[in-house]
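Take a look at the model below. Begin with the ligand and its surroundings, then turn to the sheet.

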Amino acid sequence: MNNILVTGGCGFIGSNFVRYLLEESDFSGRVVNVDLLTYAGNMENLADIEKAFPDRYAFVRADICDREHMAELFDEYDIDTVCHFAAESHVDRSIVRPDAFIRTNITGTFNLLELCKDSEDRLALFHHISTDEVYGSLGEKGLFTEDTPYRPNSPYSASKAASDHLVRAYHKTYGLPVTISNCSNNYGPYQFPEKLIPLMILNALEEKALPVYGDGRNIRDWLYVRDHCIAIWTIMKQGQRGETYNVGGDCEMENIAVVEMICDILDELKKSPDGRPRRALITFVKDRPGHDRRYGIDFTKLKQALGWMPEESFESGLRKTIQWYLNNRDWVDRVRSGEYRAWIKTQYGRSWSDPSTPG
Ligand code: NAD
Ligand code: DAU
């Protein structure tokens, strides 16, 4: 693996991964970050990396659905490895308008697989980043294993399931060297404030209502994003080609407990102006349609075969995350106001209209 194409590297997990790869890991080659810069892509997330690694990091704005452009990039950068994050990632958006999910998550992945097939002689690996949501919802007992049947319940998870199947099929049919990781809910720095944890942190800071869906008893298995990045790199280096690995935090929490913890940590770090406990802001709202009740990951395979374990506890990871959002109010303000798109212009002398719903 010398020239890694990272797709979606300006998003939440992708930008954390590029940072981890260049700043912390033993990788010594070059990273080419290809991102369409939808509403979820923010070049500012890697501005320091671009400066620190001018010879080892390149950014190209491109759409993974544009096969011709992607083919040019494969050749220009002599790509031998793909780490594929690019996706529409937010379940609520997929319920309202699924089109972009079908396009990017399915067609985009298909395009990349075709290009990998065409450059098979130099391809070391196609690593596909996926989600535990493909397995559907758990009852009170049991965990998702790699053998759990796929039962996706939202347009988002159905589109990710389709992409997983394509990746697996390209290994079986064409012998493409692939690995797949199915991970639980991530949290940490640079997460777009539409997802539960950053949304609650920022609303709580601004004394706004904290909208908890349904009865708040839905369960997610939380993993600090850096631990996910370490898992991905471990699988890329040592994972058996053609295999799937589940990644999880061993940290099942009811949503209401997560929100209460955020309130309590914030009360401790930064008292509300009137001294009122932030738990008072919690508001139960209409449930998400098709809302999966419980996710829980069995990552025994990754632990036993490759020796990966999460390092961060939820309490310490959540504190770090809250502190990051407190310390990075400028980033937050630019993202919330939409000004981050103008920021791109000041840095790069050009701007792009929001392409989150192309075509
Ligand atoms: P994100 O929404 O923060 O980032 C997605 C990135 O993909 C953005 O930078 C966006 O601009 C880019 N993108 C979208 N469409 C594109 C296209 N057509 N061409 C090129 N780039 C495009 O998402 P995230 O939360 O960082 O998730 C990254 C990946 O990890 C996704 O595949 C997601 O399914 C998966 N995943 C996420 C989580 C989680 O908790 N966030 C958990 C498990 C798996
Ligand atoms: O499990 C992995 C998945 O985790 C990833 O594949 C997705 O890309 C990622 O978005 C995430 O999906 P979720 O739907 O679980 O994450 P979200 O942050 O949207 O919601 C987490 C839980 O909190 C879920 O049960 C819905 C609930 N929720 C969410 C929001 C945004 C609320 O109660 N209120 C909210 O305002």
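What follows is a walk through a predicted model, from the ligand site to a sheet and a helix.

Start at ligand 1. Around this ligand are 28 residues, and those that come nearest are Ile13, Asp35, Ser89, Tyr156 and Lys160. By class, the shell has 14 nonpolar, 11 polar and 3 charged residues. Several elements build this shell. Helix 1 (12-23), strand 5 (125-131), helix 6 (155-174) and strand 7 (185-187) each supply at least two residues. Strand 5 gives the largest share, 3 residues.

Now look at the polar atoms of the ligand. An oxygen atom of ligand 1 sits 2.7 Å from an N or O atom in the side chain of Ser89. In the side chain of Asp63, an N or O atom is 2.9 Å from a nitrogen atom of the ligand. Ile64 takes part through its backbone: a polar atom there is 3.1 Å from a nitrogen atom of ligand 1. How much of the ligand does the protein bury? Taken alone, ligand 1 exposes 840 Å², and the protein buries 97% of that.

Strand 7, a contributor to the shell, also leads to the sheet. Here 3 strands form an open sheet in the order 7-9-11, with mixed pairing. Strand 7 and strand 11 (252-254) are the edge strands, each pairing on one side only. Neighbouring strands are turned by 50 degrees against each other on average, direction ignored. Strand 7 and strand 9 (residues 219-224) run parallel and are joined by 3 bridges. Asn186 has Leu223 in strand 9 as its bridge partner.

Finish with helix 9 (residues 255-269). This helix lies across strand 9 and strand 11, and runs at about 85 degrees to strand 11.

Notes. Residues numbered from 1 in each chain as written. Chains lettered and ligands numbered in written order. Predicted model: local features only at pLDDT ≥ 70, side-chain atom pairs only at ≥ 80, totals over all residues. Heavy atoms only, no water. Near = heavy atom within 4 Å. Polar contact = N/O pair within 3.5 Å; in protein donor to acceptor, adjacent residues only side chain to side chain. Areas by Shrake-Rupley, 256 points an atom, 1.4 Å probe, with all protein chains shown as cover. Helix = DSSP H or I, 4+ residues; strand = E, 2+ residues; numbered from the N terminus. Nonpolar A, V, L, I, M, F, W, Y, C, P; charged D, E, K, R; others polar. Pairing = 2+ DSSP bridges. Axes fitted to C-alpha atoms, helices over the stretch in contact; angles between N-to-C directions. Contact = heavy atoms within 4.5 Å.
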